[in-house]
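Me: I'd like a close look at one part of this model, the enclosed empty space inside it. Here it is.

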Amino acid sequence: ILSIQKVFDENFSCTSFYSLMEKLWQTRINCIIISAALLLHCLISCRAKAVLHHSAERKGTWKLLLNNTGVVGVQMVLTHWNTVILLDRSGSGRSGYQLRHRLNGTRCKGTRGDLSDPTCYVHSVEYSISNNTIRRLNIMSDTFSSSGSILSDGRIIESGGFGDASTRIHYFEPCKSGDSCDWSLGKKHLSAKRWYASSQILPDDRIIVVGGRGSFTYEFIPKMSTNGNVFHLSFLQQTNDGNEDGNNLYPIVHLSVDGKLFIFANRDSILFNYKQNRVVKKFPRIPGIGSRSYPSTGSSVILPLDQKDGFRKVEVMICGGAASGANAAAQQGTFLTGLNSCGRMAITGNNHKWKMENMPGPRLMNDMVLLPTGHVLIINGAKRGCAGWRNAAGPALEPYLYNPKKTLGRRFTVLKSTKIARMFHSSAILVPDGSVLVAGSNPNNQYTFRNASHPTELRLQSFIPDYMGKEYNHQRPHNVSIDINGTEGVAYGNEFLVRFLLESKPSKYLSFSAYAPPFTTHSLSMNQRLLKLRSTRIISDAKGWWNATVEAPPSANVAPSGFYLLSVVNEGIPSISEWIKFIQLAST
């Protein structure tokens, strides 16, 4: 009986089964029913284990793109010209490149003053995805711990920073790879100092900037009205732990489909009507001890919004963070184990409850990237401590893949680990081919390459998800093009044509996703969202070509105006993405 029970043990191998069956036969315990049942169970179990083993081998791959980007990728932004902008803090000192000036070359003087002179060393670069090259940029201020968004015309807006930069606004108008565009300083300033604040683009193409160290307020770019420049938000005071960092810096801000804002800080969250300066709803506190906001630093996404339900359901997910007291302990050289929990909660409707589940391990300072498949990649970070200079230990080298559609307990997959630590001041972003760029990490307050537990990291990597493998090319849609009839973009609610090549007939699970690229820094992917769009018609053309009629999102509340990456996903295998712009038609 004990031998038979072993067969049903999940750790019992199929090889052992055949040995057991031989012993049963030899002892003449050869009941046909028992033997048949055992055989059926084992075949099913072996098949399941074979599938699991196959899945375990599909862990993605890592590729080193550049040994030296010149700057630490504290902030990264993808542009619609398929370039990536990296930003670093000028206070880090000597970077990998000196600035070149048109008339007199470098302005470096060869003195210690060069380390704090923003006209000497480079602290922002443009990376060309197609050429795998770096171009030096000139950022005029120290954008350390600032925030940002992408406007509807594709311009990057960076707000706040350290010292004199805390009230400054910078703009970057992207250009084709090879052209010479650069940062410009805005003429108008923020009304309050914004250091460790968060930004979110709004349906009217304004930016709301929320919080910051010592700033329990929010404001708009451009200003909402002449009557008020700064608006008090008591929620930010209520969630402060009572010290300078307060465990509520870099609050999580998401735009809901009703135009209101989900704001999360420390452990609490609200639904906020910024037009009326009114808290509409207070959500339950996320269960467990510890914090999720800087310097405890977890991460968050809105799970994919789906046109099948009319984009009515909005579900927020928050993962990771630091243990209670982690910051104080880190100052004494003790690094407490981080949180391994994630919470999901619907912020629409009237039933609000955090549904908790555990990651495969503890994690903080992690990035969460929405993939075209609708899965969530959890990458970068540390296992112990908190954010800050030399405040963490135990780099989290293995990414996790999260499938929100699977049953509880089966949603996480551990992926292939990297050999490069990506801790404080690292970042990760999705790029059009479906891979994820990974940059940065500098737990030191200067560029430090020796005698440090985790040196300054200037290497640029790509994490290549399993779906990019050549073995899936027969399932992958190729040569995707978008027909918008020569217009600037697709108006909300209108249809547009997507043409693609596929070796076989599209599966019934063929889908179309639209992805808003974020401004990424300090584990926050500001403005990131992914929409699953409805196709009303798919028609076969000649020789494997297909024409799909796809419906644009219904409003700027669901998808703020601007550039999105459109992917065609067939049986879980995405195409290379193409850019599409959703626009609000001018009222007549």
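Which residues line the second largest cavity? Please set that beside the largest cavity too.

Reply: Bear in mind that this is a predicted model. Let's take the second largest cavity, which holds about 80 Å³ of space. Going along the chain, its lining starts with Ser198 and Ser199, then picks up Pro251, Ile252, Val253 and His254, followed by Ser300, and ends with Leu524, Ser525, Met526 and Asn527. In terms of strands, β10, β14 (252-255) and β37 (524-526) each give at least two residues to that lining. Sorted by class, the lining has 5 nonpolar and 6 polar residues, with no charged ones.

Now for the largest cavity, with about 200 Å³ of space. Its lining counts 19 residues, and the ones closest to the centre are Ile150, Ala516, Pro517, Gly562 and Phe563. Two strands, β10 (198-201) and β41 (562-570), each supply at least two lining residues here. Of these, β41 has the largest share, at 3 residues. By class, the split is 10 nonpolar, 8 polar and 1 charged.

If you want one element to click on, try β10: this strand gives at least two residues to the lining of the largest cavity, and at least two to that of the second largest as well. On charge, the second largest cavity has no charged residues in its lining, whereas the largest has 1.

As for the wider picture, the model has 5 cavities of 30 Å³ or more.

Definitions and conventions
Residues numbered from 1 in each chain as written. Predicted model: local features only at pLDDT ≥ 70, side-chain atom pairs only at ≥ 80, totals over all residues. Heavy atoms only, no water. 1 Å grid on protein atoms, 1.4 Å probe; cavity = no way out; pocket = protein on both sides within 12 Å on 5 of 7 lines; lining within 4 Å. Points joined across faces, edges and corners; volume = space filled by probe spheres on them. Helix = DSSP H or I, 4+ residues; strand = E, 2+ residues; numbered from the N terminus. Nonpolar A, V, L, I, M, F, W, Y, C, P; charged D, E, K, R; others polar.
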